[in-house]
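Reader: Please show me the model and explain the terms used for it as we go.

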Amino acid sequence: MKSNIALIGFMGTGKTVVGMALAKRLRWRLVEIDLVIEQIAGRSIPDIFLYDGEIHFRELEIEAIKMVSGGEKQVIACGGGAVLNTININRLKETSVIINLNASPEIILKRTAVAEGSRPLLNVENPAERIERLMEFRKPFYKRAADFTINTSNLNIDAVTDKIMGRLKKYEGFNL
Ligand code: S3P
């Protein structure tokens, strides 16, 4: 029986906002892996990238997911790159239904532009190109890790949450 939900997917696909809505409906706890990482490191995500580098960030991400994945009744919102390390996915799979959120590159560009500066990987001269390239590279990782995928491009938060709830009800082996 799976007793958590893990949300994976590219930056700007709605993992945090959908995670909040989903946690509220289920009366579960929302755990944001990026926040856990910031707590462990004692600095912000942009500062971790700046002062310690991405490799150290990925190590902290592994540590954070390890800390959290053993719990239950949690909606776990992962960072967009968590899927890159198989160890994270294997740990999450043990206790969680893994839902992949995706969206078109154009929508992602728009959504991520709002919180400019908070995502070091998009802090480049041409974020549109960076998004396209990263998405292309990561696509198979998201696909392989996911139990199912929801496209959030043209849906509001409530509609995405409805869809997820509908899928979960039919999902065998899930302890709702
Ligand atoms: C990252 C996504 C970010 C954050 C970090 C790296 C990535 O999280 O973990 O900036 O590699 O895609 P969000 O997906 O919540 O923006």
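Author: A polar side-chain atom of Arg 138 lies 2.7 Å from an oxygen atom of the ligand. This is a predicted model, in which local features need pLDDT of at least 70 and side-chain atom pairs count only at pLDDT 80 or more, while totals for chains, interfaces and linings use all residues. Residues are numbered from 1 along each chain as its sequence is written, and side-chain values use heavy atoms, with hydrogens and water left out.

Reader: What makes the pair of Arg 138 and the ligand a polar contact?

Author: A polar contact is a pair of N or O atoms within 3.5 Å; within protein, one must be able to donate a hydrogen and the other to accept it, and residues adjacent in sequence count only if both atoms are side-chain atoms. At 2.7 Å, the pair of Arg 138 and the ligand is therefore a polar contact. A side-chain N or O atom of Arg 58 is also 2.7 Å from a ligand oxygen, and for Arg 119 the distance is 2.6 Å.

Reader: Why is Asn 4 called buried?

Author: Buried means under 20% relative accessible area, exposed over 50%, and partly exposed in between (1.4 Å probe, protein chains only). Asn 4 has a relative accessible area of 0%, so Asn 4 is buried.

Reader: Which backbone atoms does the side chain of Asn 4 reach?

Author: A polar atom of the Asn 4 side chain lies 2.8 Å from the backbone oxygen of Gly 71. The Asn 4 side chain also reaches the backbone nitrogen of Lys 73, at 3.3 Å.
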